[in-house]
Each structure stands twice: as structure tokens, then as C-alpha cells.
Amino acid sequence: MGSDVIFNIDDIESTSDLLLNMVENMESMVRVIDHRDRIVFMNRRMREEFGDQLGKRCNEMLCQPEKCAECVSMKCKNTKKAEGKDIFINGKYYRVIASPLLSVDGMGSAVEIFHDITEQKLLEVDTARHYAKLKADIDFAKNVQQRAFPKDGVYNNAIRLTSAYLPSEDLGGDLYDLVRIDENRILFYVADVSGHGIRSSLFTIFLRQVVRGMRDRAASLTDLINELIRSYEDLNTDGEQYFSFLAGLYDKTANKLTLINAGHNCLPLLLRADGSMEEVSVAGLPICSLLTEACHEEVSLSLHSGDRILICTDGVTEAYNRESNQYFSYEGFLNVVSSFDGPKEDLCSRIISAAQTFAGHSPDDDMTVMMLEVL
């Protein structure tokens, strides 16, 4: 047996005395409640904490006028298993675990073990308070972000906006907007900030203010990209944050749409009034720490009444089905558009619904689809 210690039961004068001595010297607080709800035993730690309460009723030690509505001792006697609850006594929190005992006369008793959880409970209360404040702040930020999105409808008597948006969290990293340049020109854009959550949502509000702050200068799409690059540099981010930005300037007098793309990897889709459909190829680098000056191409299109431009973010195309190990893909996006035969105003929401159904779970990334129709 080596160095193992062997106990000879004959050397123990009384097993009950040994057990009583062990309980008496436990660091946990222990008491025994008999069938009359009276305290018949308290160990040393319990007496130090509450004083000698032997013979008193349970509720008297707890400084309560009546028996607890939910008595764990009574409950454990009925269930024949350990029961527990948290109680508050004299400014302290205790976790009480009660287990049934069977006395010699067959009457039911219970042994209760008290653990002081005051520090843990106060931490839980403090954490809950901070969580409630954080939740209120997030709800406020969510409301601000949602108000930043333009409402569906007609803008500049030239373009009708229809959109759908599904964030992966309370706060998202996608943004789209329309900005009136003058009576004849209107700017629209879609931005996708890397990541999602609080950090990315703050970035979207920053982007919106930069674009809107340019006013008529935003009519130059190259100047717009340069301003975004400069403003990004002024933020002094850690270099990991970046965003894609696809913008279009529509001139209703010239029936002309000019597009510029800063890293947006979902090409805009042109839906002609005659039913034809074509991808618009326009490329460029995303706004990031590596970019110091705009080097992005501009592509111009002639648009006429009934023509539509459809744009989505990669949260749609990269919707992922874990069982099949496949992405919804841009082809999936095109398939929904080509097969759709419902009202035009339902197309954006139908695309997001199809991507979410394909994935079979809540989105991993924010999903945005916007459609602009020439009136």
C-alpha cells in the first residue's frame, strides 16, 4: 500500500462522535432543523455568524416573523433530495442547501448548509446594473442607426428607393443612403464596414456624416473617395478596420448614372425596363490604411424610365449553409432576381429571405439590398 494511510474502525471510539466533530469544525455553516421546524444543532461557524439559536424556530434566526413561503427544509423532505435557495439576512446574502435527514424516531428533519455569497451576489447585482445600462445604450444606438437609413420612397422626383436590411446583431456595419446634390442630381451609396457590432456601427455613423458634410462636393465621385480616405486616416484606427463603398450619381436631366466602387465585391445589377439584366463591372480598392489616394475607375450608364439598379452587400452572397458547406453566392442572388415574379417593391426583402432560408440560421453578417428605379 506504500504510504497510504489505513484507518482501523476499531480505533475510533465512536463514529457518531467523529462525524459530529467533523461537522462542528467545518468552515461551512451547518444547522439541523427538526420536524417541528426548530433548530436542534448549529456548528461552530454557524454560531459565530448568528449566535446560539438552539431551540428557536427557523424563521426566528432569519429575523422573519413568519415561516418562509418557500421553505427549502420542508421542500427537501417532500422531494427526498437536496434543495436550495438564496436568502438575505442582516445585509448579507447566503446560499442555503437543505438535505433530508431521517431521525431515529422516524420523524423528518433536514440539515442545512449556509454559504456566504455576499461578494458574489453584489458582483452579480453590479454586473446586472452595468448590463442594463449597456443594453439601454445599445438600444439608443440601434435607434440612431436605424433612423440614419433613408425611408423607401421617391427622391428628387427622379428615383424610387426600395430596400431591405437585416443586421446580424443589434448594431450592424452596413449603411446605405441617398443625398440630394441639387434639383437634378442625387447621390446614393452602399457601405460595408468590416465586422459588425458597436465598433462597426459607430463607423457607419461616421461615414454618413462625412458624406453628408461634403454637400455638393460629393457630386465628384473621385473627390468623395479622397475625402473618405482622408477622414479614415484622421481616425487613427489600428489599421484592421476597413470598409467598402459603392456610390452612384444620377443626373435626371442627362439620364446618366455614374458609378464608382471602392472595394464593394457585389457588382451592381442593372435591370432594364425591357426585362433584360446585366452586371455592371466597376472595380476599385476598399478604404483602408494602405490606400492614400483615390485610384478608382468611374463607369457611366444611360438610364431611362423603368430601369432599375439593384445592389446588395456580401452578407447576402456569403450566407453560409453549414450542412452543405456552400454559400448562397452571387449566382444565388441572380437566380432569385431572374425568377422573381412578384411586385417590384417586394424584391429586396425576397432576396434577403431567400439568403436566410438557404443558410438555415440567423445571419452571420449584415444583409442589405437596395433597389433604385428611374421614374
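The paragraphs below go through two sheets, the helices packed on them, and two pockets of a predicted model.

We start with the sheet of six strands. This sheet is open, and its strands pair in the antiparallel sense in the order β6-β7-β18-β15-β12-β13. Its edges are formed by β6, residues 153-155, and β13, residues 277-279, each of which pairs on one side only. From one strand to the next, the twist averages 25°. Within this sheet, β12 (residues 269-271) and β15 (residues 308-312) are antiparallel partners joined over three bridges. In that pairing, Leu269 stands opposite Leu310 of β15. A helix also packs on the sheet: α10, spanning residues 347-359, touches β7 (159-166), β12, β15 and β18 (367-374). The direction of α10 makes about 155° with that of β18.

The other sheet has five strands. It too is described as open with antiparallel pairing, and the strand order is β8-β9-β10-β11-β14. At the edges stand β8 (174-180) and β14 (298-302); each has a single partner strand, so one side of each is left without a neighbour in the sheet. Here the twist averages 15° from one strand to the next. Inside the sheet, β10 (residues 243-251) pairs with β11 (residues 256-262) over seven bridges, in the antiparallel sense. Phe245 stands opposite Ala262 in β11. Helix α6, residues 198-214, packs on this sheet and touches β8, β9 (185-193) and β10. The direction of α6 makes about 15° with that of β8.

Next come the pockets. The largest pocket has a volume of about 250 Å³. Its lining consists of 16 residues, and those nearest the pocket centre are Asp192, Ser194, Tyr242, Asp314 and Asp365. Strand β9, which is touched by α6, supplies at least two residues of this lining, as does helix α8 (314-317). Sorted by class, the lining comprises four nonpolar, seven polar and five charged residues.

The second largest pocket holds about 200 Å³ of space. It is lined by 14 residues, of which Leu271, Gly275, Arg308, Val337 and Phe340 lie nearest the centre. Two of these names lead back to the six-stranded sheet: Leu271 belongs to β12 and Arg308 to β15, strands that pair with one another. The lining of this pocket divides into six nonpolar, four polar and four charged residues.

How values were computed. Residues numbered from 1 in each chain as written. Predicted model: local features only at pLDDT ≥ 70, side-chain atom pairs only at ≥ 80, totals over all residues. Heavy atoms only, no water. Pairing = 2+ DSSP bridges. Helix = DSSP H or I, 4+ residues; strand = E, 2+ residues; numbered from the N terminus. Axes fitted to C-alpha atoms, helices over the stretch in contact; angles between N-to-C directions. Contact = heavy atoms within 4.5 Å. 1 Å grid on protein atoms, 1.4 Å probe; cavity = no way out; pocket = protein on both sides within 12 Å on 5 of 7 lines; lining within 4 Å. Points joined across faces, edges and corners; volume = space filled by probe spheres on them. Nonpolar A, V, L, I, M, F, W, Y, C, P; charged D, E, K, R; others polar.
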